[in-house]
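Please open the structure in your viewer and keep the sequence panel beside it, since this tour moves from one selection to the next and says what is found at each stop.

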Amino acid sequence: MWPPDQEPDPDPDPAPARAGRSPPGAAMPGLRALLPARAYLCSLKGRLLLAESGLSFITFVCYVASSASAFLAAPLLEFLLALYFLFADAMQLNDKWQGLCWPMMDFLRCVTAALIYFAISITAVAKYSDGASKAAGVFGFFATIVFAIDFYLIFNDVAKFLKQGDSTDENTADKAEEENSDSDSD
């Protein structure tokens with residue numbers, strides 16, 4: 001059966017476990033297995049995705065409590081997409097599903113989120129007068145900045161990758177051209 005049986009402890013502790021705590025070496029089953037690794041969450045991409053999802057959730061809650069509730073769909077959608085990309089990157093689904101262009105999808109997600117957050121934040125701050133709308137607008141501006149940083153970093157990574165690919169293509173094309181040239185320099 002799954003999961004496989006663990007090896008029994010050679011010297012089990014006869015003392016009962018403290019209330020609510022598991023022994024130090026015990027594995028934590030259940031939902032803990034779905035959490036991203038700490039190393040990924042401490043990386044720059046992990047921190048950006050955490051900030052994006054956190055700011056999107058806070059903005060969503062502010063829009064729910066405000067009179068500008070017409071704007072609550074965008075932060076909810078961006079919150080769910082940020083969580084999806086957080087877990088997809090943490091679980092390395094981009095390596096498992098090769099048919100999808102993950103950097104382009106992430107780039108488009110960040111660009112559209114930054115533009116939408118910028119537009120609805122300006123509207124929420126300018127048009128609505130209640131405090132929750134103003135707070136949603138301010139958090140939306142912060143989310144715009146975080147999404148803009150993320151798409152800038154993605155763009156730089158993709159540009160480096162494309163330049164690296166172009167330079168190798170140019171070198172092989174130059175070598176092939178030199179070999180095939182018929183120069184009469186007599």
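Begin by selecting I149, which counts as partly exposed because its relative accessibility is 41%; here buried means under 20% relative accessible area, exposed means over 50%, and partly exposed is in between, with a 1.4 Å probe and protein chains only. I149 is found in helix α6, which covers residues 131–180; helices (H or I, at least four residues) and strands (E, at least two) are DSSP runs, numbered from the N terminus. This is a predicted model, in which local features need pLDDT of at least 70 and side-chain atom pairs count only at pLDDT 80 or more, while totals for chains, interfaces and linings use all residues. Residues are numbered from 1 along each chain as its sequence is written, and side-chain values use heavy atoms, with hydrogens and water left out.

Now add V138, F142 and I145 to the selection, because together with I149 these residues make a nonpolar surface patch of about 360 Å². Patches are made of residues with over 30% relative accessible area and no salt bridge, where like charges are joined within 9 Å and nonpolar side chains (Val, Leu, Ile, Met, Phe, Trp, Tyr) within 5 Å. Accessible areas come from the Shrake-Rupley method with a 1.4 Å probe, and for residues only the protein chains shown count as cover.

Next, show the whole chain as a cartoon. You should find 6 helices and 0 strands in the protein chain, so that, by the DSSP runs described above, the elements read α-α-α-α-α-α from the N terminus on. Of the 186 residues, 25% count as buried, and the chain exposes about 13200 Å², of which carbon and sulfur atoms supply 65%. Among the contacts with a separation of 6 or more, residues 24 or more positions apart account for 71%; contact means heavy atoms within 4.5 Å.

The UniProt record, an unreviewed entry, lists residues 57–87, 107–129 and 135–155 under "transmembrane region". UniProt positions are given in the numbering used here, feature names are shortened, and annotations may be inferred rather than shown by experiment. Select residues 57–87, and you will see a span that is 77% helix and 0% strand, with its end C-alpha atoms 16 Å apart. Then select residues 107–129, where the span is 91% helix and 0% strand and the end C-alpha atoms lie 33 Å apart.

Turn now to E52, which lies in helix α2, residues 44–65. Is E52 buried or exposed? E52 is buried, because its relative accessible area is 1%. Leaving aside its neighbours within four places in sequence, E52 is in contact with A82, R109, C110, V146, F147 and D150.

With E52 still shown, add R109, which forms a salt bridge with E52, the closest N and O atoms being 3.0 Å apart. R109 lies in helix α5 (residues 102–127) and E52 in helix α2, so this pair ties together parts that are 57 residues apart in sequence. A salt bridge is a side-chain nitrogen of Lys or Arg within 4 Å of a carboxyl oxygen of Asp or Glu. R109 is itself buried, with a relative accessible area of 5%.

Which other residue should be added beside R109? R109 also forms a salt bridge with D150, where the closest N and O atoms are 3.5 Å apart. This pair links distant parts of the chain, with R109 in helix α5 and D150 in helix α6, 41 residues apart, and both R109 and D150 are buried.

From D150, go on to K45, for D150 forms a salt bridge with K45 as well, with the closest N and O atoms 2.9 Å apart. Here D150 in helix α6 and K45 in helix α2 are 105 residues apart. D150 is buried, with a relative accessible area of 1%, whereas K45 counts as partly exposed at 21% relative accessibility. Finally add D106, and you have selected K45, E52, D106, R109 and D150, which are linked in a network of salt bridges; a search of the whole structure finds 5 salt bridges.

As a last stop, select the cysteines C62 and C110. C62 is buried with a relative accessible area of 14%, and C110 counts as buried at 0% relative accessibility. The structure holds 0 disulfides, a disulfide being a pair of cysteine sulfur atoms within 2.5 Å.
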